[in-house]
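Student: Could you take me closely through one part of this structure, beginning with a single residue and moving outward to the helices around it? Please give the cut-offs for each term as it arises.

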Amino acid sequence: MTSLLFLIPIALFLGLLALAGFFWSLRNGQYEDMDGSATRFLHDDDRPLPAAPSAR
Amino acid sequence: MSALLLHDAEAAPATCKHCGQPVAAGGDAFCCAGCSGAYALIHELGLDSYYARRDADAGPVTSEAALALDLTDQVETGEDGVHCLRLRVDGLTCGACVWLIEAALARRPGVVEGRVNLTSRRLTLRWRGPAEAAGALAGVVQRLGYRLAQMDATGDKDPARAAEKELLLCMAVAGFAAMNIMLLSVSVWSGHAQGMGWATRDFMHWLSALIALPTVAYCGRPFFRSARAALRAGGTNMDVPISLGVTLASGISLWETVNSGPHAYFDGAVMLLFFLLIGRYLDSRARGRARSAAEHLLALGRAPVTVLGEDGVAHVVAPASVKPGATVLVAAGERVGIDGTVTNGASDLDASVVTGETRPQPVAPGAAVFAGMVNLTSPLRIAVTASGQGTLLAEMVRLMEASEQGRARFVALADRVARRYTPVVHTLALGTFLAWVFGAGLAWQPALLIAVAVLIITCPCALALAVPAVQVVASGRLMQGGVLLKSATALERLAAVDTVVFDKTGTLTLGRPELIPDARRSAEDLAFAATLARNSRHPLSRALDRAAGPGMPAAGVRELPGRGLELDTAEGTVRLGSRSFCGVVDADTGGDSTALELWLSRPGRAPVRFAFADAARRDAAETVAGLAARGCRVELLSGDRAEVVEDLARRLGIAVWRAGVDPAGKCARLAELRAEGRRVLMVGDGLNDAPALSAADVSASPATATDIAQTSADAVFQGDRLAPVLELIDTARGAGRLVRQNLLFSLLYNLCAVPLAMLGHVTPLLAAVAMSSSSLVVMANALRLSRGRP
């Protein structure tokens with residue numbers, strides 16, 4: 001049972017890491033344009049796209 | 001060489017190379033100058049692969065002449081000298097459009113970033129250099145064939161968007177917490193069966209409390225806020241039992257944990273929040289999308305106006321920034337953007353949007369004109385009248401405010417249920433507690449635990465999801481059909497509709513003139529007249545062009561404003577225009593003298609008459625029949641003349657019609673219908689319909705309607721067809737059925753579970769299973785609406 005003492009905190013930490021990742025992506029505007037992002041990569045080949053969006 | 005030419009001729013596409021619309025055989029490769037220009041620009045930039053990249057079935061790119069925009073006050077300049085401009089873009093069909101715009105902008109010097117958001121249809125432009133480059137950059141996008149419009153002042157700081165983001169964050173936190181607590185709870189539950197030691201169990205409970213308490217404090221805020229507001233207003237809503245249930249469950253679980261008790265409801269409390277937040281978020285997103293789409297339509301409809309400055313130079317500015325007293329120029333064929341008085345010029349105005357009258361109204365200096373009217377024949381100068389009381393718009397707003405009060409009394413079904421449900425549940429819980437303490441002699445702590453179990457089991461999880469789940473699916477289905485539902489309670493009000501009142505011009509009809517077929521006229525006459533008409537943007541000329549189909553314009557045509565078109569040929573002068581212009585004195589007009597008309601006079605031949613009428617929408621008759629089949633009474637209320645209204649009503653099969661009704665008259669008629677106990681859906685588009693739209697139980701307007709009509713309507717439908725009205729009623733009725741089923745199911749579930757809880761047989765495991773299963777059933781039932789007819 002003592003294994004729980006470190007396994008559960010590890011599990012929680014990993015979960016929190018994922019949550020923090022989600023928060024970051026939301027703040028970063030990753031969900032602003034779901035339709036555009038779905039097709040954007042198709043056109044992203046030989047010709048360079050405009051400069052990446054500046055971080056806000 | 002000749003073989004090559006032949007090959008070329010064969011390979012010449014029958015459709016426009018840019019927009020894909022059909023063009024005249026043997027003619028140009030383009031349908032219009034706009035498309036040709038866009039193609040040339042794309043080619044010049046080396047972006048030809050756009051044509052290979054775009055969807056084959058993407059709609060045609062619009063090629064309407066671009067209107068100049070006033071962008072100077074929209075540009076924001078950052079500290080680092082980078083200018084930023086946000087614009088709405090119309091005409092985006094797929095990712096290729098995004099790529100085209102971004103790639104074209106990236107080739108302009110100084111551009112730091114040009115990024116198109118396909119979801120919100122917005123373009124963000126950043127560039128270095130002069131701020132005045134804004135116009136040139138916007139021009140690039142316009143020349144590609146996309147329409148641009150200014151953003152509203154609110155921009156990104158929209159409160160609805162901020163609320164949606166908060167809900168999403170809350171949902172993510174609640175989801176994380178619910179899953180982790182459930183992980184711990186599952187081990188506790190299996191521990192109950194296999195004899196887990198008390199120390200391990202308490203450890204699990206403490207860990208759960210550590211996750212649950214901050215989560216409840218953070219994710220419960222939207223519910224606590226709403227519950228507090230309801231209580232402060234002296235009422236109650238669904239959020240009151242939710243807040244109470246969640247708070248009590250967390251509190252009693254903490255008490256249990258401190259005292260090393262066997263049961264804790266942390267999982268139930270957090271899972272409840274998670275499910276409810278899913279419902280809230282979906283609901284807000286569906287409504288937010290419909291609202292932003294409606295705003296997008298409105299912004300694009302607001303064409304800039306040309307103001308004549310004191311220095312005599314014409315500026316193009318947004319209608320909102322025109323000051324009273326300014327002089328505005330309105331070209332022939334242009335829509336009047338402001339209210340004012342004619343100071344110079346004489347013309348005919350199409351006032352159908354304002355009065356419902358289809359016959360053009362002659363205006364002379366001194367006449368009052370209103371935003372929305374279309375100037376038909378010659379340019380006008382208009383002095384902008386002072387805004388405020390006394391204008392037509394102010395009168396409409398006053399009428400609307402008066403009529404809206406009736407609608408405000410409507411209470412959503414869910415709130416009505418909550419109003420009855422909440423006291424019952426709270427009495428039950430209190431009764432259970434008292435019965436166990438005083439009746440069965442139990443100590444107060446275990447009795448309180450049982451009472452809390454009753455509250456958790458009856459927490460209206462399914463009940464709170466019952467309505468939003470259906471609403472989300474319904475508005476999604478309507479949006480696919482081109483109908484934007486703006487109001488949250490519109491579906492419920494629509495489901496009860498038994499009378500549909502239509503406006504005529506622009507609603508049952510398209511609001512633009514169409515050529516009336518005439519057997520006495522030959523196809524050759526029409527084709528010839530169309531070659532002249534293609535040189536003009538006058539509505540009647542364009543109607544002729546539409547009727548004749550694609551073809552070549554004649555060269556050397558002169559347009560005489562207010563009179564018509566003239567062409568010198570070898571035989572003499574050919575004229576296409578008004579009766580007097582063509583020298584027709586007394587011709588047989590076939591009995592109707594009211595219609596719009598054009599005459600074609602050629603030397604040595606009898607003049608030919610082209611009559612036009614505002615044609616009914618293609619499926620208007622079917623829609624009226626469909627409404628009757630659904631048990632709705634259909635009425636026609638129009639501001640137009642009696643003979644026109646009667647004719648249309650007869651053709652569409654509408655028995656009850658009234659002509660020459662003014663806005664107040666429309667409101668009065670709706671009040672009359674409502675007094676008879678009828679539930680009225682008003683469909684209208686004009687300024688004169690706006691008060692009636694807000695007076696009806698529920699209202700809809702086409703996307704071509706005036707600003708004020710679209711703002712006051714509950715639903716806006718796009719396209720040339722009227723069928724969305726049927727779809728609206730069908731979906732609303734289907735949704736109403738499903739909501740009632742869902743509510744019934746939730747109540748049934750409570751009826752079964754409450755006795756168990758009152759007897760103290762409900763454990764946290766049972767509560768969790770009951771809660772999630774009932775929520776899933778309700779959600780699954782709502783999803784049935786998305787698959788065909790419910």
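Tutor: With 14% relative accessibility, B:R201 counts as buried, because buried means under 20% relative accessible area, exposed over 50% and partly exposed in between (1.4 Å probe, protein chains only). This is a predicted model, in which local features need pLDDT of at least 70 and side-chain atom pairs count only at pLDDT 80 or more, while totals for chains, interfaces and linings use all residues. Residues are numbered from 1 along each chain as its sequence is written, chains are lettered from A and ligands numbered from 1 in the order in which they are written, and side-chain values use heavy atoms, with hydrogens and water left out.

B:R201 belongs to helix α7 (residues 198–219) of chain B; helices (H or I, at least four residues) and strands (E, at least two) are DSSP runs, numbered from the N terminus. Apart from neighbours within four places in sequence, B:R201 is in contact with B:V188, B:H192, B:M196, B:S260, B:G261 and B:P262, where contact means heavy atoms within 4.5 Å.

One of these partners, B:S260, lies in the loop that runs between α9 (239–258) and α10 (266–301) of chain B. B:S260 is partly exposed, because its relative accessibility is 28%. Its phi is near 60°, a positive value in a residue other than glycine.

The helix before that loop, α9(B), leads to the next packing. Two packed helices are described by the angle between their axes and the distance between the axes. For α9(B) and helix α14 (residues 444–458) of chain B, the angle is about 145° and the axes are 10 Å apart; axes are lines fitted to C-alpha atoms, for helices over the stretch in contact, and angles run from 0 to 180 degrees between N-to-C directions. The crossing of α9(B) past α14(B) is left-handed, that is, the near helix is turned anticlockwise from the far one by less than a right angle, whereas clockwise would make it right-handed. On the α9(B) side, B:L248, B:A249, B:I252, B:W255 and B:E256 meet B:W444, B:Q445, B:L448, B:L449, B:V452, B:L455 and B:I456 of α14(B). By class, this contact of α9(B) with α14(B) has ten nonpolar, one polar and one charged residues; Ala, Val, Leu, Ile, Met, Phe, Trp, Tyr, Cys and Pro count as nonpolar, Asp, Glu, Lys and Arg as charged, and the others, Gly among them, as polar.

A second loop residue, B:G760, is placed between α25 (723–758) and α26 (764–783) of chain B. B:G760 counts as partly exposed because its relative accessibility is 35%. Leaving aside neighbours within four places in sequence, B:G760 is in contact with B:W436 and B:I450. From B:G760 to B:V454 the C-alpha separation is 8.6 Å, although the two are 306 residues apart in sequence.

Helix α25(B) also packs with helix α15 (residues 461–480) of chain B, at an angle of about 160° and with axes 9 Å apart. These two helices, α15(B) and α25(B), are therefore roughly antiparallel, the term for angles over 145 degrees, with under 35 roughly parallel, 65 to 115 roughly perpendicular and the rest oblique. α15(B) passes α25(B) in a right-handed crossing.
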